[in-house]
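Visitor: I'd like a close look at one part of this model, the strand pairing. Could you walk me through it and then show me how the rest of the chain fits around it?

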Amino acid sequence: MNFEIGSDIVLIERIHSVWKKHPQFPQRILTPNELLLFNHLNERKQLEFLAGRFAGKEAFSKAYGTGIGKALSFQSIEILNDSSGKPILYSPFNGGQKITIAHEISHAIAFVILFDL
């Protein structure tokens with residue numbers, strides 16, 4: 001069995017600073033389905049959500065081995081939640097991958113393991 005691991009950690013305040021400078025930042029990072037969830041949150045939860053999705057997409061791109069760029073964009077990766085609230089990652093390269101996203105007051109972190117690439 002082959003597997004690849006990717007992780008990413010981000011300062012929530014860094015995401016907030018970028019968002020203040022570039023108000024369209026959430027639309028660059030989040031897919032339309034993710035934006036529907038994002039828009040129903042209060043500002044603090046929006047920051048956590050945006051930072052977590054950013055870290056999750058970066059972690060997936062590292063596990064996949066391409067990074068964010070030509071082969072993979074933020075828009076080609078979608079992280080939604082199952083009926084129990086667990087995040088599930090969707091990309092053109094898989095049908096639904098488990099992902100761990102955690103956030104605390106200052107940081108968001110994500111961890112992805114891809115099997116049988």
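**A strand pair and its surroundings**

Guide: Let's start with β1, residues 3–11, and β5: these two strands run antiparallel and are joined by nine bridges. One spot to find on screen is Val 10, which sits opposite Ala 108 of β5. Keep in mind that this is a predicted model.

Now follow β5 itself, from residue 107 to 115, and watch the side chains alternate. Ala 108, Ala 110, Val 112 and Leu 114 point to one face and are buried. His 107, Ile 109, Phe 111, Ile 113 and Phe 115 point to the other face, and these are not buried. So the Ala 108 that faces Val 10 across the pair belongs to the buried row of β5, with buried taken as under 20% relative accessible area.

There's a second antiparallel pair to look at: β2 (residues 78–81) and β3 (residues 87–91), joined by four bridges. Here Ile 79 has Leu 89 in β3 as its bridge partner. The two strands make a hairpin with five residues between them, and in the turn you'll find Gly 85 with a positive phi of about 95 degrees.

Stepping back, the chain has four helices and five strands, and along the sequence they come as β-α-α-α-α-β-β-β-β. Take helix α1, residues 12–21: its buried residues are Ile 12, Ile 15, His 16 and Trp 19. Looking down the axis of α1, those buried residues fall within an arc of 100 degrees, so they line one face of the helix.

Next, the largest pocket, with about 170 Å³ of space. Its lining is made of Leu 41, Lys 45, Glu 48, Phe 49, Gly 52, Arg 53, Asn 81, Pro 87, Ile 101 and His 103. The elements giving two or more residues to that lining are α4 (43–64) and β4 (94–103), and α4 gives the most, with five. By class, you get four nonpolar, three polar and three charged residues around the pocket.

As for the whole chain, the C-alpha atoms fill a box of roughly 40 × 30 × 25 Å along the principal axes. A compact globule of 117 residues would have a radius of gyration near 13 Å, and this chain has 13 Å, so the two agree. Buried residues account for 43% of the 117.

Terms used: Residues numbered from 1 in each chain as written. Predicted model: local features only at pLDDT ≥ 70, side-chain atom pairs only at ≥ 80, totals over all residues. Heavy atoms only, no water. Buried < 20%, exposed > 50% of the residue type's maximum accessible area, 1.4 Å probe, protein only. Pairing = 2+ DSSP bridges. 1 Å grid on protein atoms, 1.4 Å probe; cavity = no way out; pocket = protein on both sides within 12 Å on 5 of 7 lines; lining within 4 Å. Points joined across faces, edges and corners; volume = space filled by probe spheres on them. Nonpolar A, V, L, I, M, F, W, Y, C, P; charged D, E, K, R; others polar. Arc of directions from axis to C-beta. Rg over C-alpha atoms; globule rule 2.2 N^0.38 Å.
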